[in-house]
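Here are some short exercises to work through with the model open beside you. Try each task before reading its solution.

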Amino acid sequence: LVRPHLQPAMGMKRLWDCIYLGEMDFQGQKDAYNFQFYVIWTCGLVGFTYGFIMQRFLYTYYFILAGSLVSGVVCLMSWPVFNANPVEWLANREEEEESDSDDDKKKKKKEKKEKKDKGEVKEKKSKKKVAAED
């Protein structure tokens, strides 16, 4: 079982397309974040240890700077390794035809209201008949 992002490079055209377009999938964003997080923290810890041994805190800053530069070069550009799991988006839905213009909608609404009003009038007449019969 070969993970897609561990496959060999697919050529210079794919490399250029990925870097030029700047597309990165969600898994690639997570991987880039994790890489940046662990590289900078590791460089900070190693730099602190080295600076402590050498009694110079400036070395800690150098290590953190180097880790930040490395992670910046690796994570800011959209390498193909960060676009190995592209999202398959759904196709666009067909929009309803706009044959139902505002006038048509108003007519339908008016007809519906008239039907409702007629129903209420019939109901009132039937109630009056029942009341008159009692």
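Helices here are DSSP runs of H or I with at least four residues, numbered from the N terminus. Keep in mind that this is a predicted model.

**Exercise 1. Find which helix gives the most to the nonpolar patch.**

Solution. Start with the members: Phe48, Tyr50, Phe52, Ile53, Met54, Phe57, Leu58, Tyr61 and Tyr62 make a nonpolar surface patch of about 990 Å². Next, look at the helices: H2 and helix H3 (58–76) each supply at least two residues. The top contributor is H2, with five residues.

**Exercise 2. Place Phe48 and decide whether Phe48 is buried, partly exposed or exposed.**

Solution. First, locate Phe48: this residue lies in helix H2. Then take its relative accessible area, which is 45%. Buried means under 20% and exposed means over 50%, so Phe48 counts as partly exposed.

**Exercise 3. Describe the surroundings of Asp25, starting from its place in the chain.**

Solution. Step one: Asp25 sits in the loop that links helix H1 (12–21) and helix H2 (26–54). Step two: its relative accessible area is 4%; the cut-off for buried is under 20%, so Asp25 is buried. Step three: setting aside neighbours within four places in sequence, Asp25 contacts Phe82, Asn83, Ala84, Asn85 and Pro86. Step four: pick out one of these partners, Ala84, whose backbone nitrogen is 3.2 Å from the side chain of Asp25. Finally, check Val87: its C-alpha atom is 6.7 Å from that of Asp25, although the two residues are 62 residues apart along the chain.

Technical notes:
Residues numbered from 1 in each chain as written. Predicted model: local features only at pLDDT ≥ 70, side-chain atom pairs only at ≥ 80, totals over all residues. Heavy atoms only, no water. Buried < 20%, exposed > 50% of the residue type's maximum accessible area, 1.4 Å probe, protein only. Contact = heavy atoms within 4.5 Å. Polar contact = N/O pair within 3.5 Å; in protein donor to acceptor, adjacent residues only side chain to side chain. Patch = residues over 30% accessible without salt bridge, like charges linked within 9 Å, V, L, I, M, F, W, Y side chains within 5 Å. Areas by Shrake-Rupley, 256 points an atom, 1.4 Å probe, with all protein chains shown as cover. Salt bridge = Lys/Arg side-chain N within 4 Å of Asp/Glu carboxyl O.
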